[in-house]
Amino acid sequence: MFGSGAESGHENIAIAGTALIPTRFVWPYGGRRVYLSGSFTRWSEHIPMSPIEGCPSVFQVIWSLAPGYHQFKFFVDGEWRHDDHQPFVSGNYGVVNTIFLPREPDMVPAVFSSDAPGGSNMDLDNDPFPRGEVIPRISEGDLEVSRHRISEFLSAHTAYELLPESGKVIALDVNLPVKQAFHTLYEQGIPVAPLWDFCKGQFVGVLSALDFILILRELGNHGSNLTEEELETHTISAWKEGKLHLNRQIDGNGRLCSRPLVHAGPYDSLKDVALKILQNKVATVPIIHSPSQDGSFPQLLHLASLSGILKCICRHFRHSSSSLPILQQPICSIPLGTWVPKIGESNGQPFAMLRPNASLGAALSLLVQAEVSSIPIVDDNDSLLDIYSRSDITALAKDRAYAQIHLDNMSIHQALQLGQDANAPYGLINGQRCQMCLRSDSLHKVMERLANPGIRRLVIVEAGSKRVEGVISLSDVSRFLLG
């Protein structure tokens, strides 16, 4: 702890006779115990900081300060630290951060670093950094160096490295009834499964959550030829053929034109696998190996995904992150993800969000038409409550709920409750459903989170309020890294 000697210089220049200003301090770099101390405590008191709900590596505290100039530092796990991304000076107590509060502020100030959230951020006029501070930008040279090294790594390693030591891969027969397939995906907790055609002796496609979304929308159409009763006998193969008609996938001779299965072999490079996923806009690529040259007797080894490839990148560069300058950049400083347009922006892309009382039908239509895999569910202040993803559609298999509801009469809240424990709190912000990050988290931190199995996206939120600012997906990060 620093001593409590007399203040020197202008460490604690405050204006007497004015009201104290609640000020938010943020330490976004993790730790087990984090404290704040500064000239406003005469360096003699440690103010405990608490982790933000949903962002355990981000600590914050609100402390009332008199208007004027202040210095402060963070005491993290027994070590004094300052934040390089906030204003700092060298003083009697080493390098310290600084903040100046005007006499009559019209807002609650907040102290941020590059790993704190922003956008229309907290109360700082849409700027997560103190005024006069420039968000760090990476040079084109450093960006190209980072991409080149990642490309070299991915080209030199194969899909074989993605295979787990043990596990199971589920495939479905194309002659399986759609209803049974629906229940299988739900019971196994998987959003996609490869399809096996016994007659052809090969894998011919995949069945995904999007198929069930399209099926349920078709069931809801008054002029549809597909009925709930037909799901008992309607096979996956028949659905796939009907889907081609729905999408008008017909060649110039009037014949149905099916999409070939996108797959890879165990000795294909990781870069080739990643490019196949991105270029074909699929979530997974089956890794298939055949012992014969003609491709007969294929063996399904694994379902490769971008999260597995990202995990390989993180593992390889974990102890040499300095060789990739891009990793320490805050995500708000690089062209990454989909962001909520700022007020007055005319060129911003619409950002899909829904209220919990919106209908399930509206959510499914938005997922299909906007070609997104998930939609943040927010309250009237646009604060994150939950997220509805394509894979959530399989929850309707529980107790055959899909046969007892009308999509336009069920709310998103009700639909999400089907897949949760009856006593679970709405939103499960601390669980696996809503994975969040801050707009100025480093790219490395975002990559580490997305490399976890089952996490396909992070919702960018404002610290404290959890106001949604954007979404970063696995494909966003992968496209950026591969250039």
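**The whole chain**

The accessible surface of this predicted model comes to about 23600 Å², and carbon and sulfur atoms account for 50% of that surface. With the whole protein displayed, note that 47% of its 483 residues are buried. Colouring by secondary structure brings out ten helices and 22 strands. Contacts can also be sorted by separation along the chain: among those between residues at least 6 apart in sequence, 65% join residues at least 24 apart.

**First stop: an aromatic cluster**

Select Phe25, Trp27, Tyr29, Phe40, Phe72 and Phe74, which together form one aromatic cluster. The protein has ten aromatic pairs. One of them consists of Phe72 and Phe74, whose ring centres are 5.7 Å apart and whose planes make an angle of 85°, an edge-to-face arrangement. Are Phe72 and Phe74 buried or exposed? Both of these residues are buried.

Now move to Tyr160 and Tyr267. The planes of these two rings lie at 5° and their centres are 6.2 Å apart, so this pair is stacked. Where in the chain do Tyr160 and Tyr267 lie? Tyr160 is in the loop between helix H1 (140–156) and E12, while Tyr267 is in the loop between helix H4 (236–246) and helix H5 (270–280). The pair thus links distant parts of the chain, 107 residues apart. Tyr160 has a relative accessibility of 49% and counts as partly exposed, because the exposed class begins over 50%. Tyr267, at 62%, counts as exposed.

A further aromatic ring to display is that of Phe480. The charged end of Arg147 sits over this ring, 4.9 Å from its centre.

**Second stop: a hairpin**

Select residues 88–91, strand E9, and residues 94–101, strand E10. The two strands run antiparallel and are joined by four bridges. They form a hairpin, with two residues between them. To see one point of pairing, show Ser90, whose bridge partner in E10 is Val95.

**Third stop: a sheet of three strands**

Next, select strands E12, E13 and E14, which form an open sheet in that order with mixed pairing. Which strands lie at the edges? Strand E12 (172–173) and strand E14 (202–208) are the edge strands, each pairing on one side only. Strand E13, residues 192–197, pairs with E14 in the antiparallel sense over six bridges. Within this pairing, Pro194 stands opposite Val206 of E14. When the backbone is displayed, it helps to recall that strands of a sheet pair through backbone hydrogen bonds, either parallel or antiparallel.

**Fourth stop: a sheet of four strands and its helices**

Another open sheet holds four strands in the order E17-E22-E21-E20, again with mixed pairing. Its edges are strand E17 (338–339) and strand E20 (436–438), each of which pairs on one side only. Strand E21 (residues 457–461) and strand E22 (residues 468–473) are antiparallel and share five bridges. Here Val461 stands opposite Val468 in E22.

Add helix H9, residues 443–450, to the selection. This helix packs on the sheet and touches E20, E21 and E22. The direction of helix H9 makes about 135° with that of E21. Then add helix H10, residues 474–482, which also packs on the sheet and touches E17 and E22. The direction of helix H10 makes about 65° with that of E22.

**Fifth stop: Arg449**

Remain at helix H9 and select Arg449, which lies in this helix. Its relative accessibility is 21%, and it counts as partly exposed because the buried class requires a value under 20%. Which residues does Arg449 touch, not counting residues up to four places away in sequence? They are Gln435, Met436, Ile455 and Leu458. Display Cys437 as well: its C-alpha is 9.0 Å from that of Arg449, and the two residues are twelve apart in sequence.

**Last stop: Ser383**

Finally, select Ser383, which is in the loop between strand E18 (374–378) and strand E19 (384–389). Its relative accessibility of 10% makes Ser383 buried. Leaving aside neighbours within four places in sequence, Ser383 is in contact with Ile377 and Val378, and with Ser465, Lys466 and Arg467. Showing these residues together completes the tour.

Key:
Residues are numbered from 1 along each chain as its sequence is written. This is a predicted model: local features need pLDDT of at least 70, side-chain atom pairs count only at pLDDT 80 or more; totals for chains, interfaces and linings use all residues. Side-chain values use heavy atoms; hydrogens and water are left out. Two strands pair if DSSP finds at least two bridges between them. Rings of Phe, Tyr and Trp (its six-membered ring) pair if their centres lie within 6.5 Å; planes under 30 degrees apart count as stacked, over 60 as edge-to-face and the rest as tilted. Buried means under 20% relative accessible area, exposed over 50%, partly exposed in between (1.4 Å probe, protein chains only). A charge sits over a ring if NZ of Lys or CZ of Arg is within 6 Å of the ring centre and within 35 degrees of the ring normal. Contact means heavy atoms within 4.5 Å. Axes are lines fitted to C-alpha atoms, for helices over the stretch in contact, and angles run from 0 to 180 degrees between N-to-C directions. Accessible areas come from the Shrake-Rupley method with a 1.4 Å probe; for residues, only the protein chains shown count as cover.
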